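The following exercises ask the reader to trace the architecture of a protein model step by step. Each task is followed by a worked solution.

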Amino acid sequence: MNKIVARKVGFTLIELLVVIAIISIIAGFLVPTLLRGRGEAYKIQCANNLKQMYTPAMTFSDKRGGKKFPFAPGRNPPAHESLNVMLEYDQEGLTPELFKCPEGEATLAQVDDEDKFLLDESSCDYTWANRALKNTVRANLASDKYVEGWEDELGPHYGHKKGMNVLMTDGSIKFVDDVDLPEDTMLPQGLVR
């Protein structure tokens, strides 16, 4: 009589460990690539925020007759005060999210009952010109506040790795490497936090 031998179907412990090891190796290759891709997407979203800020700044400049971008009163005012000049003039189409870089550290500004908001130091991830600029001059108008890891008296800051997006007065955007920024402020020339 022939005996039928039943064989168990399934994985042995060693086969399972080999499969887990292979998956871990593949994940080790993919995760850095995915993170690098996310960083690039954040740079693009940040550049888009700056570009969207440029449109109301140009509208402000054109309608004010002086052909100057928004600039707060006083000597060398903080960036958020100059941006508030633009917001007080017209907030149509502007949201608090526009002033937050995806890799920055700002919290969203509070919107009131009339759908209005003002920025303060903690709700703005961008810098602005430290003097009044005409819209006919090609100069640095705005940028990210910080490069990742830059430290000051407040501690380390968040931002893009190895550089920042810079908005020019002609509306162009460029990514500036941190090696091209002055070490003492890590800001493009002519901008203020």
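## Exercises on a predicted model

The largest cavity is lined by Cys 101, Gly 104, Asp 125, Asp 144, Lys 145, Tyr 146, Tyr 158, Gly 159 and His 160. The structure is a predicted model, and the exercises below begin with its empty spaces.

**Exercise 1. Describe the largest cavity and the largest pocket by volume and lining.**

Solution.

Step 1. A general idea comes first: rolling a probe the size of a water molecule over the atoms shows where empty space is left.

Step 2. The count of cavities of 30 Å³ or more comes to one. The largest cavity holds about 40 Å³ of space.

Step 3. Sorted by class, the residues lining the largest cavity are three nonpolar, three polar and three charged.

Step 4. The largest pocket holds about 330 Å³. Its lining consists of 14 residues, and Leu 35, Arg 36, Gly 39, Glu 103 and Lys 161 lie nearest the centre of the pocket.

Step 5. In the lining of the largest pocket, eight residues are charged, four are nonpolar and two are polar.

**Exercise 2. Establish the order of the strands in the open sheet of five strands, and state which strands stand at the edges.**

Solution.

Step 1. The order is β6-β5-β2-β1-β7, and the pairing is antiparallel.

Step 2. Each of β6 (173-177) and β7 (191-192) has a single partner strand, so these two stand at the edges and one side of each is left without a neighbour in the sheet.

Step 3. The pairs can now be followed across the sheet. Five bridges link β5 and β6 in the antiparallel sense, and in this pair Val 166 has Lys 174 of β6 as its bridge partner.

Step 4. Strand β2 (residues 140-144) is joined to strand β5 (residues 163-168) by three bridges. Here Ala 142 has Leu 167 of β5 as its bridge partner, while Asn 140 stands opposite Met 168.

Step 5. β1 and β2 also pair over three bridges, with Trp 128 opposite Ala 142 in β2. Ala 142 thus appears in two pairings, with Leu 167 and with Trp 128.

Step 6. Two bridges join β1 to β7, and Ala 129 stands opposite Leu 191 in β7.

**Exercise 3. Examine β5: how many of its residues are buried, and which way do they point?**

Solution.

Step 1. Six of the six residues of β5 are buried.

Step 2. In a regular strand the side chains alternate between the two faces of the sheet.

Step 3. In β5, Gly 163, Asn 165 and Leu 167 point one way, whereas Met 164, Val 166 and Met 168 point the other way.

Step 4. β5 forms a hairpin with β6, with four residues between the two strands. In the turn, Gly 171 has a positive phi of about 95°.

**Exercise 4. Locate helix α2 and decide how far it is covered.**

Solution.

Step 1. Helix α2 (residues 79-89) lies across β1 and β7 and runs at about 75° to β1.

Step 2. The helix is mostly covered, with eight of its 11 residues buried. Among them are His 80, Leu 83, Val 85 and Leu 87.

Step 3. The buried residues of α2 pack against α1, β1 and β7.

**Exercise 5. Are Arg 138, Lys 162 and Met 186 buried or exposed?**

Solution.

Step 1. The cut-offs are needed here: buried means under 20% relative accessible area, and exposed means over 50%.

Step 2. Arg 138 is in the loop between β1 and β2. Its relative accessibility is 54%, so Arg 138 counts as exposed. Beyond its neighbours within four places in sequence, Arg 138 is in contact with Met 168, Thr 169, Asp 170 and Ser 172.

Step 3. Lys 162 is in the loop between β4 (155-156) and β5. With 61% relative accessibility, Lys 162 counts as exposed. Although Lys 162 is not a glycine, it has a positive phi of about 65°.

Step 4. Met 186 is in the loop between β6 and β7. Its relative accessible area is 10%, so Met 186 is buried. Met 186 is not a glycine either, yet it has a positive phi of about 55°.

Step 5. Arg 138 and Met 186 are 48 residues apart in sequence, and their C-alpha atoms are 20 Å apart in space.

Note on methods
Residues are numbered from 1 along each chain as its sequence is written. This is a predicted model: local features need pLDDT of at least 70, side-chain atom pairs count only at pLDDT 80 or more; totals for chains, interfaces and linings use all residues. Side-chain values use heavy atoms; hydrogens and water are left out. On a 1 Å grid over the protein atoms alone, a cavity is a set of points where a 1.4 Å probe fits but cannot get out, and a pocket is an open set with protein on both sides within 12 Å along at least five of seven lines; lining residues have an atom within 4 Å of a point. Grid points are joined across faces, edges and corners, and a volume is the space filled by probe spheres set on the points. Ala, Val, Leu, Ile, Met, Phe, Trp, Tyr, Cys and Pro count as nonpolar, Asp, Glu, Lys and Arg as charged, and the others, Gly among them, as polar. Two strands pair if DSSP finds at least two bridges between them. Contact means heavy atoms within 4.5 Å. Axes are lines fitted to C-alpha atoms, for helices over the stretch in contact, and angles run from 0 to 180 degrees between N-to-C directions. Buried means under 20% relative accessible area, exposed over 50%, partly exposed in between (1.4 Å probe, protein chains only).
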